[in-house]
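User: I would like a close look at one part of this model, a side-chain pairing and its surroundings, explained with the cut-offs behind each term.

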Amino acid sequence: ECAALKGRWLRDTDPVKAREVYREAFVRNRKSYYLGDLLGQMQIQLGEKDAARNTYGQVLAIINSLSEQNLWTQATAVNAAIVSGADSAVVKEKLRQIRNFNPSPENLRSIEDGISKVQKALGIADSVFAEWVAALRT
């Protein structure tokens, strides 16, 4: 958690350093889909799309090995699907499944913020993002 906080603090001022903080934390905590998600987001932000795809592949393997699914594993799987280039219908279905966890309005805003960052970094059209939000909200 300390690495996540340090990375968040560095994100805007020194994204390369933030990526390194996340990478080191993920290497030390190989079962943390959360740290993998943070690393993948920074890699995307830095234009390292292939590295992000690799990271999100590892993240999906972690999520698939878990005996439980929750709101945050599902939201992270959405990011992984987007980064891997999954069909929009797949992304929308994963977003619809998030509603099964009864997310709070704050949770929904957080998820939207996360997919918005990925969408913008990958140059995905705003109209596609609007469809994703609709799937998440309705």
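What relative accessible area does E112 have, and is E112 buried or exposed?

Analyst: E112 is buried, with a relative accessible area of 16%, where buried means under 20%, exposed means over 50% and partly exposed lies in between, computed with a 1.4 Å probe on protein chains only. Before going further, please keep in mind that this is a predicted model, in which local features need pLDDT of at least 70 and side-chain atom pairs count only at pLDDT 80 or more, while totals for chains, interfaces and linings use all residues. Residues are numbered from 1 along each chain as its sequence is written, and side-chain values use heavy atoms, with hydrogens and water left out.

The side chain of E112 meets that of R137 in a salt bridge, with 2.4 Å from N to O; the term stands for a side-chain nitrogen of Lys or Arg within 4 Å of a carboxyl oxygen of Asp or Glu. E112 belongs to helix 7 (residues 105–122) and R137 to helix 8 (residues 126–137), so this pair ties together parts that are 25 residues apart in sequence. Helices here are DSSP runs of H or I with at least four residues, numbered from the N terminus. On the other side of the pair, R137 counts as partly exposed, at 40% relative accessibility, whereas its partner E112 is buried.

The structure holds 10 salt bridges, and two others help to set this one in context. R53 and D50 are joined by a salt bridge of 2.9 Å, N to O, and both residues lie in helix 4 (residues 49–65), three residues apart, which is about one turn of the helix. In that pair, R53 is partly exposed with a relative accessible area of 40%, and D50 is exposed at 62%.

A similar arrangement can be described in helix 6 (residues 88–98), where E93 and R96 again lie three residues apart, about one turn of the helix. The closest N and O atoms of their salt bridge are 3.5 Å apart; E93 is partly exposed at 37% relative accessibility, and R96 is likewise partly exposed, with a relative accessible area of 33%. Elsewhere, salt bridges link R19, E20, R23 and E48 in a network.

To return to your question, E112 is a buried residue whose salt bridge reaches R137, a residue that sits in helix 8 while E112 sits in helix 7.

How values were computed
Helix = DSSP H or I, 4+ residues; strand = E, 2+ residues; numbered from the N terminus.
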